[in-house]
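Welcome! Take a moment to turn the model around on your screen before reading on.

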Amino acid sequence: MRDKGPELMEPGLESPLDAAVAQRDRGTLSMVQQALGRGDARLAFQPIIRADGKGIAFYEGLIRILDETGRVIPARDFMGAVEDSDIGRQIDCAALQIGLQMLKQYPWLRLSVNMSARSVGYPRWMQILRTCLRDDPMVVERLILEITESSVMMMPEIVAIFMEDLQDKGITFALDDFGAGYTAFRHFKTFYFDILKIDGQFSRNVSEDADNQVLTEALISLARHFDMLVVAESVETAAEAQWLSRAGVDCLQGYYYGAPKMKLPQHDTRVMERSA
C-alpha cells in the first residue's frame, strides 16, 4: 500500500515533516527560554551613520540570545514565534535592561532598543523603564525606543498615549521598518515619532531602481512634513548610500557601514548628543 500524500492525510493528523518542524521549533523556544533564565542575552551594536559625513548619530542594539555553548541562536529561528508570547516580552525586558546598563556605562553613547507594542502593558518591562526614569533620568534621555510599523498598528491608541507620556521625559521614539506594513496615514497626526526608519526593501538597488526611488522620495517627504529624522535601513553599497544621501535622508544604516558587533568602541566621540 502506498503512503498517503499530504493531500490525503486524515484531518487532524500532522505529516512527518510538519511534526519534525514543530518539534524543532519547540526545542528552539525551549533553548531561548533557558537562555533567558540564565541571563544569556546580549546586545549587538550597529552604527547609524550621519549622511552629512560627520560620524555616527547613534547605535542600534540588536538582541542576541546565546545557547549553553555561547553560540548565538539565530533570531530568525524564534522571533516570529515569540512575538505573541511571554517569551517575547522577556526578550524585550532583556534588551531594555542591557541597553540601559550600556547607557550608564558609556556616557557618550546614544542607543536605540527594539520593543513590541505588547510590552507597553507588560509590568516587568514598564518597571525596568520607570525605575531608570526615577533613578537615572539623564541616562534615559539618550535612549531611543524602536517600534515596528506592524507592531504599532496592533494597538495604535495605546501606543500614542504611551509615547506622549514618555517623550515628555526625554525618550526618543523611532518608527521601524516603515513601508513594510500597513500604517494608516491618518495615524501620523496622532503619533509623535521622532525618527522614521525606511524599510530596507526600498534601499536595495535604489540607485538603479526607478520604482524604489519614487517610493523612497515619497517616504522622505512624508517624514519631513511631520518633522521626523529619516534613517534608511539595509544600505549595502556605495551607490545606494550616495543616492539616499542626495535624496535627503539624515542617516544610513547597513552592512556597508558595519555589521552588528557585540563590543562597542571604548571612546567613540563621533556619536551625536541628540539626533532628534
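This report walks from the whole chain to its core, then to two helices and a few single residues.

## The whole chain

Please keep in mind that this is a predicted model. The chain has 276 residues, and 49% of them are buried. Its secondary structure consists of 9 helices and 9 strands. Let us look at how the chain folds back on itself. Among contacts between residues at least 6 apart in sequence, 69% link residues that are at least 24 apart. The chain exposes about 14300 Å², and 52% of that area comes from carbon and sulfur atoms.

## The nonpolar cores

A bit of background helps here. In soluble globular proteins, nonpolar side chains tend to be buried together. In this model, the largest nonpolar core holds 76 residues, and W125, L143 and F162 have the most contacts inside it. Which helix gives the most residues to this core? That is helix α3, residues 86-105, with 10 residues. Apart from this core lies another one of 9 residues, including I48, I144, V231 and C251.

L143 is a good place to zoom in. Leaving out residues up to four places away in sequence, L143 touches L96, L100, L103, R110, L111, V113, L129, I171 and T172.

## Two helices with a buried side

Now compare the lengths of α4 and α7 with what is expected at 1.5 Å a residue.

| Helix | Residues in helix | Expected span | End-to-end C-alpha distance |
|---|---|---|---|
| α4 (residues 123-135) | 13 residues | 18 Å | 18 Å |
| α7 | 12 residues | 16 Å | 16 Å |

In α4 the expected span and the distance agree, and in α7 they agree as well.

Start with α4. Its buried residues are W125, M126, I128, L129, C132 and L133. Seen down the helix axis, the buried residues of α4 fall within an arc of 155 degrees, so they line one face. The face turned away from the buried side carries P123, Q127 and R134, which are exposed. What do the buried residues of α4 pack against? Their partners are α3, β4 (111-115), α5 (137-140), β5 (143-148) and α7 (156-167).

Next comes α7. Here the buried residues are P156, V159, A160, F162, M163, L166 and Q167. They cover an arc of only 165 degrees around the axis, and therefore sit on the same side of α7. On the other side, E157 and I161 are exposed. The buried residues of α7 pack against β4, α4, β5, α6 (149-152) and β6 (172-178).

## A buried glutamate and a loop aspartate

Is E146 buried or exposed? E146 is buried, because its relative accessible area is 0%, and a residue counts as buried under 20%. E146 lies in strand β5. Setting aside neighbours within four places in sequence, E146 is in contact with F58, E60, S112, V113, N114, M115, A174, D176 and K197.

D136 is found in the loop between α4 and α5. With a relative accessibility of 25%, D136 counts as partly exposed. When residues up to four places away in sequence are not counted, D136 touches K104 and T131. How far apart in space are D136 and L100? Their C-alpha atoms are 9.5 Å apart, while the two residues are 36 residues apart in sequence.

## Two positive phi angles

Most residues other than glycine have a negative phi. Against that background, D227 catches the eye: its phi is near 60 degrees, a positive value in a residue other than glycine. D227 is in the loop between α8 (210-225) and β8 (229-232), and it counts as exposed at 70% relative accessibility.

S234 also has a positive phi, near 60 degrees, and is not glycine. S234 is in the loop between β8 and α9 (238-247). Its relative accessible area is 26%, so S234 is partly exposed.

## Cysteines

A disulfide is a covalent bond between the sulfur atoms of two cysteines. How many disulfides does a search of the whole structure find? The search finds 0 disulfides. C93 is buried, with a relative accessible area of 0%, and C251 counts as buried at 2% relative accessibility. As mentioned above, C251 is also among the residues of the core of 9 residues.

Key: Residues are numbered from 1 along each chain as its sequence is written. This is a predicted model: local features need pLDDT of at least 70, side-chain atom pairs count only at pLDDT 80 or more; totals for chains, interfaces and linings use all residues. Side-chain values use heavy atoms; hydrogens and water are left out. Helices (H or I, at least four residues) and strands (E, at least two) are DSSP runs, numbered from the N terminus. Buried means under 20% relative accessible area, exposed over 50%, partly exposed in between (1.4 Å probe, protein chains only). Contact means heavy atoms within 4.5 Å. Accessible areas come from the Shrake-Rupley method with a 1.4 Å probe; for residues, only the protein chains shown count as cover. A nonpolar core is a set of buried Ala, Val, Leu, Ile, Met, Phe, Trp, Tyr and Cys residues joined through side-chain atoms within 4.5 Å. The expected span of a helix is 1.5 Å times one less than its number of residues. The arc is that of the directions from the helix axis to the C-beta atoms. A disulfide is a pair of cysteine sulfur atoms within 2.5 Å.
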